[in-house]
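Open the structure in your viewer and keep the selection tool at hand. The stops below say what to select and what is there.

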Amino acid sequence: MDTMEAETATLYELLGRHWTVGTAVTNTVFDLAGQGVAFALADGALAIAPLTDVEPVQDRCRVALDEGRTTISPRRKPVPPLTKVIISDAAPHLTALGTSGFVAADHGRLLRVSASGVTRVVANHGAPIDLIAPGSAGGVLTASGGSIMFYDSNGEVVWLQERVGGHASAMAVSPDGRRFAIAADGLVLVRSFGPRPEPSASFELGSVSALSWSPDGSWLAVSAGKTGIVLVRLADARTVRIPTYPAKAASLSWSADSRVLVTSGAYRMIAWDVSGLDGDTDQPTNLPTGRARFVLVETVDIHPERHLVAAGYADGMVAVARIGQSDELVVRSPGRGAVHGLRWSSDGQHLAFGTSDGEAAIVSFPPHIFK
């Protein structure tokens, strides 16, 4: 990874756009069209930023011909403000909807929000919504009071499954859009899309806070209990437990080739190579990644195209490391609120996140920074 240099500005100031939003950021979502980023806020609002930068970093980069050293010029203009939209009186559920824009859920409504902040109600659910998740063809899956409902991108109900379980604590849709996993009442259920699903697979795993499918759909990663991960192989219902995390691993991210799972919940980025589990290996191989610190990793996300992982820490630090290597690029220095909802854009050029002390940020990387 190249080091970018400037006279006085930090890397975070040179590469990033950041805003004070006045309350904790609870989630971050890129829209599918690559037009905007939405930050869900603890006070019930959404803060939306355009992905396009009026002073893109590639226009401010200079490479010295004699030494090959890269420098970045500071911004000349203030960063334009965010667009703020009031959704509810508490942190809204948030995901992408359709080809552009977002869907947010308050107590019982689904609201479509464009990248420019225009909002309209697309469905009145009639009951409190526990969770939402992006579904197939730009639709959205909702869990409410033990029932699952799938809406298309226009807000029309496509199908309903009743009596799936109690209050849902986690939900995720498979990469092929044909199945979903949901955690409720101490169980993880895997069900097919549609009003009359095939018999579900069921796993008794206790309290679950996060679910994540591998991109090839063969594994389901589960954050179970307060200090552990469970890997579930769907083909034969095999479960592999990885216990003794220092804290809850609330953030789970898979590499594009489905070989590596990276998690939060420890004092460094924890990466597991699961490829050996196809044979006789009982446990995945740990790939030491980044540097160990005395501060917990709160959130992680693997780059969509490279074997890089970004991590946000409880003390506000953000770092990027190659999987299986200790070398790190510190993007944001420590000393502020915990980092939440860290996400790469689909093209891997942008990294967005928020903090517990009310900062929202987009960091944009020049194409040649990661070699």
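The tour visits one sheet and then some salt bridges.

This is a predicted model, in which local features need pLDDT of at least 70 and side-chain atom pairs count only at pLDDT 80 or more, while totals for chains, interfaces and linings use all residues. Residues are numbered from 1 along each chain as its sequence is written, and side-chain values use heavy atoms, with hydrogens and water left out.

**Stop one: a sheet.** Select β20 (208-213) and β23 (238-242); each has a single partner strand, so one side of each lacks a neighbour in the sheet. The order of this open, antiparallel sheet is β20-β21-β22-β23. Strands here are DSSP runs of E, at least two residues, numbered from the N terminus, and two of them pair if DSSP finds at least two bridges between them. Next, add residues 219-224, strand β21, which five bridges join to β20. Trp-213 stands opposite Leu-220 in β21.

**Stop two: salt bridges.** A salt bridge is a side-chain nitrogen of Lys or Arg within 4 Å of a carboxyl oxygen of Asp or Glu. The whole structure has six. Select Asp-53 and Arg-75, which form one of them at 2.6 Å, N to O. Asp-53 lies in the loop between β4 (45-50) and β5 (61-63) and Arg-75 in the loop between β6 (70-72) and β7 (83-86), so the pair ties together parts 22 residues apart in sequence.

**Stop three: another pair.** Select Arg-293 and Asp-315, whose side chains meet in a salt bridge of 2.7 Å, N to O.

Technical notes: Helix = DSSP H or I, 4+ residues; strand = E, 2+ residues; numbered from the N terminus.
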